[in-house]
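This briefing goes with the sequence and 3D structure shown below. Please keep both in view while reading.

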Amino acid sequence: MARNHFNGFGGGANMQQLMRQAQKLQEQMTKAQEQLDEREYTAQAGGGMVSVTVTGKRELKALEIKPECVDPDDVEMLQDMILAAVNEALRTAEETREAEMSKLAPGMGGMF
């Protein structure tokens with residue numbers, strides 16, 4: 001009597017199907033990651049006085065500062081607005097990445 005060496009996977013044919021599904025999922029995840037890397041995320045701080053754009057690769061792409069918010073006597077406020085806008089854009093990019101990847105592989109959030 002032949003023994004099933006796959007312990008519940010149902011033999012070679014089902015194992016091949018499982019491998020094809022895993023390969024397809026890997027391809028979908030790779031494509032999704034590439035698309036997410038290309039996306040841009042913009043955030044503002046100070047009521048729109050500072051605006052930044054980052055990519056899905058977590059690179060700062062653009063920084064806009066409205067001239068009226070530049071006060072030589074209060075450089076710290078400008079620095080705080082820049083930090084707030086950059087951090088918000090990066091947070092949005094990361095949350096979007098997690099949400100999109102979780103759609104492909106539910107239960108694996110936090111791994112991407």
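The points below cover the sheet, a helix, the core and the salt bridges.

The model is predicted. Three strands make up an open antiparallel sheet in the order S1-S2-S3, and helix H2 lies across S1, S2 and S3. H2 also gives the most residues to the largest nonpolar core, namely seven.

**Sheet**

- The sheet is open, its strand order is S1-S2-S3, and the pairing is antiparallel.
- S1 and S3 are the edge strands, each pairing on one side only.
- From one strand to the next, the twist averages 15°.
- S1 (40-45) and S2 (50-55) are among the elements that cover the buried residues of H2; the two strands run antiparallel and are joined by six bridges.
- Within the S1-S2 pairing, Thr-42 stands opposite Thr-53 in S2.
- S2 and S3 also run antiparallel, joined by five bridges.
- Val-50 stands opposite Ile-65 in S3.
- S3 has six residues and the number of them that are buried is zero, so the strand lies largely in the open.

**Hairpin of S2 and S3**

- The hairpin has four residues between its strands, and Arg-58 takes a positive phi there.
- The phi of Arg-58 is about 65°, although the residue is not a glycine.
- Arg-58 sits in the loop between S2 and S3.
- With a relative accessible area of 44%, Arg-58 is partly exposed, because buried requires under 20% and exposed over 50%.

**Helix H2**

- H2 comprises 30 residues (75-104), which at 1.5 Å a residue should span 44 Å; the end C-alpha atoms are 44 Å apart, so the two values agree.
- H2 runs at about 145° to S1.
- The buried residues of H2 are Leu-78, Met-81, Ala-85, Val-86, Ala-89, Ala-93, Thr-96, Arg-97, Glu-98 and Met-101.
- The cover over these buried residues includes helix H1 (12-38) together with strands S1, S2 and S3.
- Thr-96 is in helix H2 and is buried, with a relative accessible area of 17%.
- Neighbours within four places in sequence aside, Thr-96 is in contact with Leu-36, Arg-39 and Tyr-41.

**Nonpolar core**

- The largest nonpolar core holds 18 residues, of which Val-50, Val-52 and Met-81 touch the most other members.
- H1, S1, S2 and H2 are the elements that give two or more residues to this core.
- H2 contributes the most, with seven residues.
- Again leaving aside neighbours within four places in sequence, Val-50 is in contact with residues including Ala-43, Ala-45, Leu-63 and Cys-69.
- Further contacts of Val-50 include Leu-78, Met-81, Ile-82 and Ala-85.

**Salt bridges**

- A search of the whole structure finds five salt bridges; some of them are described here.
- Side chains of opposite charge can pair when their charged atoms come close.
- Lys-61 and Glu-40 form a salt bridge in which the closest N and O atoms are 2.3 Å apart.
- Lys-61 belongs to strand S3 and Glu-40 to strand S1, so this pair ties together parts 21 residues apart in sequence.
- Lys-61 counts as exposed at 53% relative accessibility, whereas Glu-40 counts as partly exposed at 44%.
- Glu-94 and Arg-58 meet through their side chains in a salt bridge, with an N to O distance of 2.7 Å.
- This pair links distant parts of the chain, since Glu-94 is in helix H2 and Arg-58 is in the loop between S2 and S3, 36 residues apart.
- Glu-94 is partly exposed at 28% relative accessibility, and Arg-58 is partly exposed at 44%.
- Lys-103 forms a salt bridge with Glu-100, with the closest N and O atoms 3.3 Å apart.
- Both Lys-103 and Glu-100 lie in helix H2, three residues apart, which is about one turn of the helix.
- An α-helix has 3.6 residues a turn, so residues three or four places apart point the same way.
- Lys-103 counts as exposed at 59% relative accessibility, while Glu-100 is partly exposed, with a relative accessible area of 29%.

Definitions and conventions
Residues numbered from 1 in each chain as written. Predicted model: local features only at pLDDT ≥ 70, side-chain atom pairs only at ≥ 80, totals over all residues. Heavy atoms only, no water. Expected span 1.5 Å × (residues − 1). Buried < 20%, exposed > 50% of the residue type's maximum accessible area, 1.4 Å probe, protein only. Contact = heavy atoms within 4.5 Å. Pairing = 2+ DSSP bridges. Axes fitted to C-alpha atoms, helices over the stretch in contact; angles between N-to-C directions. Core = buried A, V, L, I, M, F, W, Y, C linked by side-chain atoms within 4.5 Å. Salt bridge = Lys/Arg side-chain N within 4 Å of Asp/Glu carboxyl O.
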